[in-house]
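Student: I have a structure to look at and some terms I do not follow. Can we go through them one at a time?

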Amino acid sequence: MITAPNRTSAPFPFEFIQPHLDQVEEQIRAQATAFDPAVEGYVAYVCNTSGKRIRPALSILSGGACGNLTDQHLTLGVILELIHVATLVHDDIIDGAELRRDMPTAEAKWGSSLSVLLGDCLFAHALELATSFDDPAFCRTIARSANAVCQGEILQTQRRFDLKLQIDEYLKIIEMKTASLFACAMELGASLAQADRERSFLMHEFGRKTGTAYQIYDDCIDLVGDEKVVGKTLGTDLARGKLTLPILHLISEAGEDQRAKLNRMIIQNEPIDITVLAGIADYQGAVGKALHFAADLIDSARDDLAGLPDNDYAEGLLHITTFLESLLERCRAA
């Protein structure tokens, strides 16, 4: 059994499990050596340009919160992160992105053909690793989650510039493409810790709700955020035809003439800045409604943690909800 690391007072909710995440990082980098030497460098590059390792962190926190953190939770984190990295490689091809975390994307460095195959290799390798679990149900759950991510990406691409997109359809898409791996990390983290079916379901729901809330925040910050603060290019969703929750609220609540003007601008892919949006309809109100919906999801996710043992990992999960709330508040104040 893995013992709990010392807590820190750092504000970011994953900070106190950093020793565990460092082990995950080592294992992710080691996966590159499983590929042919001519491919190894490509895999190592994309694995080193990813993000905060949120999915491995959730699997670790879930297992620890349920009272039985093991090495298998680290393996689960590696698998889910490889799937996530694969989706990022493919996303960058679809979006024609040149940079990810200030580094050239695989698409920018080697072109679409190689990048597609690289993403495929990562998907396949992750699913091969998933067969290492004794219970085949774990592999099936991981495969279903990976399938949901891919289908969500297809649906989002299919519905670009689709002004008939409904809010419930948007929520379905982001639950599939973003929240499914969060939910998988939480559910299987609990199952690996020998939690019962009810607790595993509640952990799944915590992951689904926080993942959905995080994506809504990300969609809102794309409209109102400061690039220097956020650290990435913003204002790209509309340019790529992605109709997010605040824009859907804006379209649904605008007057007939305002809606026609906004629809025309979206379809013709005209530049739309905040000043233009503010002159069309209740722009701030639309963003506020989206943030309120996300806040309600976070409140509900917090309820899913009721009954967990009183330990540092359960506190870490609770800290995630307060951290997400702070993100929403900063977005609301932007």
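Student: Why are α3 and α14 called oblique to each other?
Tutor: In this predicted model, helix α3 (residues 54–65) and helix α14 (residues 312–333) pack at an angle of about 135 degrees. Roughly perpendicular covers 65 to 115 degrees and roughly antiparallel needs over 145. The angle of about 135 degrees fits neither range, so α3 and α14 are oblique.

Student: What else describes the packing of α3 and α14, besides the angle?
Tutor: Their axes are 7 Å apart. On the α3 side the contact is made by Leu58, Ile60, Leu61, Ser62, Gly64 and Ala65. Tyr313, Ala314, Gly316, Leu317 and Ile320 make it on the α14 side.

Student: How many residues of each class does the contact of α3 with α14 have?
Tutor: There are 8 nonpolar, 3 polar and no charged residues. Gly counts as polar here.

Student: What makes threonine 212 count as buried?
Tutor: Its relative accessibility is 2%. Buried means under 20%, so threonine 212 qualifies.

Student: Where is threonine 212, and which residues does threonine 212 touch?
Tutor: Threonine 212 is found in helix α8 (residues 197–224). Leaving out residues up to four places away in sequence, threonine 212 touches Leu171, Ile174, Glu175, Ala179 and Leu297.

Student: How do you know that the side chain of threonine 212 has a polar atom within 3.5 Å of the backbone oxygen of arginine 208?
Tutor: The distance between the two atoms is 2.8 Å, which is under that cut-off.

Student: What share of the protein is buried?
Tutor: Buried residues make up 51% of the 334 residues.

How values were computed
Residues are numbered from 1 along each chain as its sequence is written. This is a predicted model: local features need pLDDT of at least 70, side-chain atom pairs count only at pLDDT 80 or more; totals for chains, interfaces and linings use all residues. Side-chain values use heavy atoms; hydrogens and water are left out. Axes are lines fitted to C-alpha atoms, for helices over the stretch in contact, and angles run from 0 to 180 degrees between N-to-C directions. Helices (H or I, at least four residues) and strands (E, at least two) are DSSP runs, numbered from the N terminus. Angles under 35 degrees count as roughly parallel, over 145 as roughly antiparallel, 65 to 115 as roughly perpendicular and the rest as oblique. Contact means heavy atoms within 4.5 Å. Buried means under 20% relative accessible area, exposed over 50%, partly exposed in between (1.4 Å probe, protein chains only). A polar contact is a pair of N or O atoms within 3.5 Å; within protein, one must be able to donate a hydrogen and the other to accept it, and residues adjacent in sequence count only if both atoms are side-chain atoms.
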